[in-house]
Amino acid sequence: SERTLAIVKPDGVWSNHAEEIKKIVLASGFSILQEKTVQLDEESAASFYSEHSKKKFFRSLVQYMISGPVLVMVLEKENAIADWRMLIGPTDSNKAKITHPRSIRTMCGTDAEKNCVHGSDSDQSAQREISFFFSSETPG
Ligand code: ATP
């Protein structure tokens, strides 16, 4: 089976959606292998999203990601990467509300930035992101 990294972003945590999201995760057949709540600092948020460093929204994205604690989870199931991204819906929560009305971003996201959850987009990203948060010397 496959592993992916899921994040409940600060807006999802402070709007109290974390427990509801975990219930959906488990009901959808994922195992939560590891989880922790962390407060990112500017440097770590910028590093996590370094692929977007040239985008116009980068500074705002980093500020958003450090605006409060995030819940980070390693999810496992067959086809975990694609299935988790399907479950969260498209990046823009406003589009999700139209095209994926039952998605997690419809439930707790606000717009293209404040979309309340993250999911790795490939096997390579998943491996990088899992080790970013859960390195072997700091079991989570
Ligand atoms: P994630 O990587 O968080 O799962 P994603 O793969 O759906 O999201 P990306 O294109 O990788 O989306 O963008 C990373 C994050 O940057 C988005 O989740 C969102 O918070 C923010 N973002 C993306 N596009 C925009 C935009 N046009 N305006 C503002 N913020 C954006």
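**Close-up views of a predicted model**

**View 1. G119 and its surroundings.** Setting aside neighbours within four places in sequence, G119 is in contact with T4, A6, W84, R85 and I88. Please keep in mind in this and the following views that the model is a predicted one. G119 belongs to strand β4. What is the bridge partner of A6 in β4? It is G119, so A6 is listed here both as a contact and as a bridge partner. Is G119 buried or exposed? G119 has 23 other C-beta atoms within 10 Å, and 20 or more are needed for a residue to count as buried, so G119 is buried. A further residue to look for in this view is I81: 38 residues separate I81 from G119 in sequence, while their C-alpha atoms are 7.3 Å apart in space.

**View 2. The residues around the ligand.** G119 appears again here, as one of the residues that surround the ligand. With G119 in this shell are H52, F57, L61, T91, A112, E113, N115, H118 and D121. How do the residues of the shell divide by character? Three are nonpolar, five are polar and two are charged. The nonpolar residues of the shell are F57, L61 and A112, and its charged residues are E113 and D121.

**View 3. The four-stranded sheet.** In which order do the strands of the sheet follow one another? The sheet is open, with four strands in the order β2-β3-β1-β4, and their pairing is antiparallel. β2 (31-38) and β4 (117-119) take the edge positions, and each has a single partner strand, so one side of each is left without a neighbour in the sheet. On average, and with direction ignored, neighbouring strands of this sheet are turned by 20 degrees against each other. As a general reminder for this view, the strands of a sheet pair through backbone hydrogen bonds, in either a parallel or an antiparallel way.

**View 4. β3 between its two partners.** Strand β3 (residues 70-77) is joined to β2 by seven bridges, and the two strands run antiparallel. To find your way along this pair, look for T37, whose bridge partner in β3 is L71, and for S31, which stands opposite E76 of β3. On the other side, seven bridges also link β3 with β1, again in the antiparallel sense. Here L5 stands opposite V74 of β3, and I7 has V72 of β3 as its bridge partner. How many of the eight residues of β3 are buried? Six are, so β3 is largely enclosed by the rest of the structure.

**View 5. β1, β4 and the helix across them.** β1 (2-8) pairs with β4 in the antiparallel sense over three bridges. Among these residues, A6 can be matched with its bridge partner in β4, G119. Six of the seven residues of β1 are buried, so this strand is largely enclosed by the rest of the structure. Which strands does helix α5 (residues 80-88) lie across? Helix α5 lies across β1, β3 and β4, and runs at about 30 degrees to β1.

**View 6. Two loop residues with positive phi.** N16 is located in the loop between α1 (10-14) and α2 (18-27), while C116 is located in the loop between α7 (104-108) and β4. Neither is a glycine, and phi is positive in each: near 65 degrees for N16 and near 60 degrees for C116. Their surroundings are worth a look too. N16 has 9 other C-beta atoms within 10 Å and is exposed, whereas C116 has 24 within that distance and is buried.

**View 7. Stepping back to the whole chain.** How many helices and strands does the chain have? There are eight helices and four strands, and from the N terminus the elements follow one another as β-α-α-β-α-α-β-α-α-α-β-α. The radius of gyration is 14 Å, close to the 14 Å that the globule rule gives for 140 residues, so the chain is as compact as a globular protein of that length. Along the principal axes, the C-alpha atoms fill a box of roughly 40 × 35 × 25 Å. Of the 140 residues, 36% count as buried. Among contacts between residues at least 6 apart in sequence, 69% join residues at least 24 apart.

Technical notes. Residues numbered from 1 in each chain as written. Predicted model: local features only at pLDDT ≥ 70, side-chain atom pairs only at ≥ 80, totals over all residues. Near = placed C-beta within 6 Å. Rg over C-alpha atoms; globule rule 2.2 N^0.38 Å. Buried ≥ 20, exposed ≤ 12 C-beta atoms within 10 Å, placed from the backbone. Contact = placed C-beta atoms within 7 Å. Pairing = 2+ DSSP bridges. Axes fitted to C-alpha atoms, helices over the stretch in contact; angles between N-to-C directions.
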